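Me: Hi, can you walk me through this one? I'd like short answers, please.
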Amino acid sequence: MRIAWFTTYSGRSGIAGFSRDVVEALAADHDVELWVPEGRGPVLDPVAPLVRFTRGPHALMRLHRADAVVYNLGNELHRHRAVAAVAAARPGVVVLHDLVMRHFHGGLVADRTWKRERFLRAVALHDGEDAARLVAARRGRGGDLWSAVDTWEAAPMFGEAIAGAAGVVVHSSAQEERVRAAWAGPLARLDLPARPRAWTPPPAARDRLALVGIGGVTANRRIEDVVAVLDADRELAARVRYVVAGEHPDPAYARVVRGLVDGAGLGGSVELRGYVAPAELDALMADADAFVNLRHPSTEGASASLMEQTTTGRPVLVYDGGSFRDVPAGAAVKVAPGDREGLAAALRELVADPALRARVGAAGAAWAARRTPRAYADALVAFLATVGEQAPLTALCDRVGRALADLDDDGSAAAAAQAIETLLP
Amino acid sequence: MKVAIVSAQVPFVRGGAEVLAERLVEAVRATGAEAELVALPFRWHPRPRLLDHLLAARLWRVEEADRVIALKFPGYLLPHPDKVVWLLHQHRPAYDLWEHPLGGLHGAPEGEAIRAAVRRADDAWLPEARRIHTISRTVSERLRRFNGIESTVLSPPLADPGAFRAGPYGGYVLSLGRLTPDKRHGLLVEAMRHVRSAARLIVAGAPATAAEEQALRALVTRHGLQDRVSILAGWIGEREKAELLADARAVAFTSFDEDYGYVPLEAAASARPVIVCTDTGGVSDLLVRDGETGLVCEPDPRALAEAIDRLTLDRPMAERLGAAARERLRALDLSWERVAEELLR
C-alpha cells in the first residue's frame, strides 16, 4: 500500500514522536511518504522519504498516486494548520489526537476573533443546543467562553477537524463514543502505541521520592489538586519532590499554581520547571519514583505521556476519567476525577509502599509492551483497506448529493440516502 | 392490466436479452394486457459508474404499471409492489466471474466495494419480488449458491420458431454470437489448426469492440487459416442467421458458462447438431445430449477439432443428431403463451 502520512514532525510534538514510531513500523511493509509542512523548522529523523509540502495543486495532484492518505491532527492549530488545509481539499483518514479541539476550531473557523454569538452557533452546530446553552452560562478566567474548563467535555468541537474525512482513527473508548455520536463515517479505535525503550530500574529507596508530571501546564492537569493534598499533609509533602516539566501555554493558570505553591510554602516540594530539552526530560524520568498524570477533563484522544511513563516500569497516578478509563485496573493507580481525599490516600500509599510501586510499575510496563507501533501499524493498514473499500460508495453519496442539491430535491435525496445505507457494510 | 417489462441495456448493444425482452412484450400483449418495455440505460465502465446505475434503478418508479416483470441487473432492483422477476442474469463479475479474467472487478482498487454493494443490493431487494423465475438451471443455481434465494426455471422459447428451416448439410461449422471473449470464438479458431477434414468455420456476430474483432482476425492470420475461417463481423439479421444455420454441417456453441444461449435452440430448430463444451451451461444442459442431439467435449482445441471432424466426415451422423435435436426441442414444448401466462399469474 502507498501511504501519504501528513504530520507535524517537530521534535517538541508528541504527534511527531507517534508519527516516527508508526511510520517506521509501516515502512517495513509499505511505501510510506512523510509529508511535512514546508518551513516548519527542524524535524525528527526521517524514517521514510520526506516530502516538504506547501498548499497548492502540486500536493493535491501528487496525492493521487497514494492508495491512502493519513492526516494527523491535534488541537494546537499552529502545528496543524498546513495539514488541515490539505485535509480539507483531499479526503483522507484523520487520526484525531485530541478529543477537545476548541483551539483548532477557533483558529480555523473563527479566525481567532472568537466572537460570542458565532462561537455559540458553532457549538450548537457541532455539539448540540444543550452544549451551547451550557457554554453560554459559563465563563473562563478571562471572562471568555472558550477557556471555561468545565464545558470542554460537553462541547469538544472536533467536528471541523473530521468534516469530509474518509475515515477517522481515535485512541480511546471515550473518544470513540463522542465521535461515533457525531459522525457516521468509518471509524476505528486503535491503541495508542508505546515506543519500546530500555529504562534503568527505579531508584533505590530514599528519603524524598521524586514525583514527576510531564506535559503542558494547563488547567485540566489539576496541579492544584496535588498542591492542596501536600498543603494539607505536611508529612507527605516532606517525603516528596513533585516536578512538573512542560511548557506553559496558559500563563494565567501557571501563575495561579505558583501562587498556591508560594502561599503554602511548598517551594521545596513542588517545582514548575517549564520546558525541558529531551535529554533533561529523559534524566528526569529516569530519576522518577512515580509519575503523576492527572487530567480532568481529559482532552486528548489518549495520553502519549502515559504510554511513555508506563514503559519506564514506574507507577503512574491518574484520574479515572476520559481516555484513562481504558487503562486496566492494576496497570496504574486510579483515582476518581477531582477526588482529593482519594488522591491524598493514593499518594500516601505510593510513598509508603515500595512493593506497591514495583507491582503497579511492572503491570503498567507489561500493558504498554503489548501496545507496539507494529500492532498499531497492522491495525491501521486494515482500517485503511476498509476505508478504501467504502470509498466508491462515499463518492457515490457525494455525486448524488451534489446532483440533487442542484435540483433542490430533498425527497429524492432521502430516498437515495436510504438506498445507499443498504449498500454500505 | 398494464405491464412494464423492465430491463437494462447498454445503449446500442444488442443481443439475445434484447430480443427476449421485445418478444416478451409481444407475448404479454397477445394476452390482451397493455405492455411496455422499460429499458434502463446501463454502463459498468468506469467501474464506479456501475453504482450510479444501481442506485438509479432503485430510485426509478413505474407507478403507472399494475405489474412489473423485471429481467436483468440492475433493472430488477426497481421497487414495485407487484413485481415478478424473470432473471436473465445478475451482475456476474460480482459473483461467479469475480476471480475470472472475464470479470474485471477483482483486483481493481474499488472492486471489493462494488462487489459488496451489488451483493447487498441483490440480497436486500431481489426478495421483494412476488416470485422469482430464472431462464435456466445455471442461473437458479447461482442465485441459490451466492444469495440463498430460491427460484424456478422458466425456459425462454425462440423468438420466432417458424423462421428456421432445415437445409442441406453443408461443409462449414457455424459459430454464432457477439465477438467477445466469453463466447470463445478464439477457441474454435485454435481448434481449426487441428481439424483434419475439409471443414470450414464461419464465425458470425457483432464485435463488442473493434479490438475484439481485430484480435480474432489476427489469430486467424497468425495460424494461416484465412482460407478456412471466415469472420462475418456485424449484427446478423434474423433472415441471414436462418440461412446460415440452414446450410451448416453443425453449429458450435462454446461459450463459457452461459446463462441461457439461444444458439442451441436455433440450431435445433434448423435440425443442426450442436457442439458444446462441458462448461458451456445454459440451455445446452437441457437440449444437448452427447451422441444423441450433439457432441459435448472439453473446452480444448484438439477435442473440439475431433468433434468437428466427426460431424464433417460422417454426414449421416450429423443428419441423425440434427433431426434428434429438432425433435428434442419440440418435446420441450417451449411457448411464449406459457411464459406470459406464468409471468402474469
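Reply: Sure. Start with where the chains meet: 15 residues of chain A are in contact with 15 residues of chain B. Keep in mind that this is a predicted model.

Me: How much area is buried between chain A and chain B?
Reply: About 1,200 Å². Carbon and sulfur atoms give 76% of that.

Me: Which residues in chain A lose the most area to chain B?
Reply: A:Pro392, A:Thr422 and A:Leu423. Together they make up 39% of what the chain A side buries.

Me: Why talk about area at all?
Reply: The size of an interface is often given as the accessible area lost when the parts come together.

Me: OK. What about helices that cross between the chains?
Reply: Look at helix H16 of chain A, residues 373–407, and helix H3 of chain B, residues 111–125. Their axes come within 7 Å and cross at roughly 65°.

Me: Is the crossing of H16(A) and H3(B) left-handed or right-handed?
Reply: Right-handed.

Me: And which residues make the contact?
Reply: From H16(A), A:Glu389, A:Gln390, A:Pro392 and A:Leu393. From H3(B), B:Glu112, B:Ala113 and B:Ala117. You have met A:Pro392 already, in the list of residues that lose the most area.

Me: How do the residues of that contact divide into nonpolar, polar and charged?
Reply: There are 4 nonpolar, 1 polar and 2 charged.

Me: Now inside chain A. Where do helices pack there?
Reply: One pair is H5, residues 116–127, and H6, residues 129–136. They pack at an angle of about 145°, with their axes 7 Å apart. That crossing is right-handed.

Me: What meets what in H5(A) and H6(A)?
Reply: H5(A) brings A:Arg116, A:Phe119, A:Leu120, A:Val123, A:Ala124 and A:Asp127. H6(A) brings A:Glu129, A:Ala131, A:Ala132, A:Val135 and A:Ala136. The residues of this contact divide into 8 nonpolar, no polar and 3 charged.

Me: New topic. How many cavities of 30 Å³ or more does the structure hold?
Reply: It holds 1. About 100 Å³ of space lies in the largest cavity.

Me: Which residues are closest to its centre?
Reply: A:Gly213, A:Arg221, A:Ile223, A:Tyr242 and A:Val292. They belong to a lining of 13 residues.

Me: Which strands supply that lining?
Reply: In chain A, strands E8 (209–214), E9 (240–245) and E11 (290–293) each supply at least two residues. The lining residues divide into 7 nonpolar, 4 polar and 2 charged.

Me: Last topic: backbone oddities. Where is there a cis peptide bond in chain A?
Reply: Between A:His296 and A:Pro297, with omega about 0°. A:Pro297 lies in the loop between E11 and helix H13 (304–311). E11 is one of the strands in the cavity lining.

Me: And in chain B, which residues does a cis peptide bond join?
Reply: B:Phe73 and B:Pro74, with omega about -5°. B:Pro74 sits in the loop between strand E3 (67–72) and strand E4 (83–89) of chain B.

Me: What is the phi of B:Phe12?
Reply: About 70°, which is positive although B:Phe12 is not a glycine. You will find B:Phe12 in the loop between strand E1 (2–9) and helix H1 (16–30) of chain B.

Technical notes:
Residues numbered from 1 in each chain as written. Chains lettered and ligands numbered in written order. Predicted model: local features only at pLDDT ≥ 70, side-chain atom pairs only at ≥ 80, totals over all residues. Heavy atoms only, no water. 1 Å grid on protein atoms, 1.4 Å probe; cavity = no way out; pocket = protein on both sides within 12 Å on 5 of 7 lines; lining within 4 Å. Points joined across faces, edges and corners; volume = space filled by probe spheres on them. Helix = DSSP H or I, 4+ residues; strand = E, 2+ residues; numbered from the N terminus. Nonpolar A, V, L, I, M, F, W, Y, C, P; charged D, E, K, R; others polar. Axes fitted to C-alpha atoms, helices over the stretch in contact; angles between N-to-C directions. Left-handed = near helix turned anticlockwise from the far one by under 90°. Contact = heavy atoms within 4.5 Å. Buried area = accessible area lost by both parts, 1.4 Å probe.
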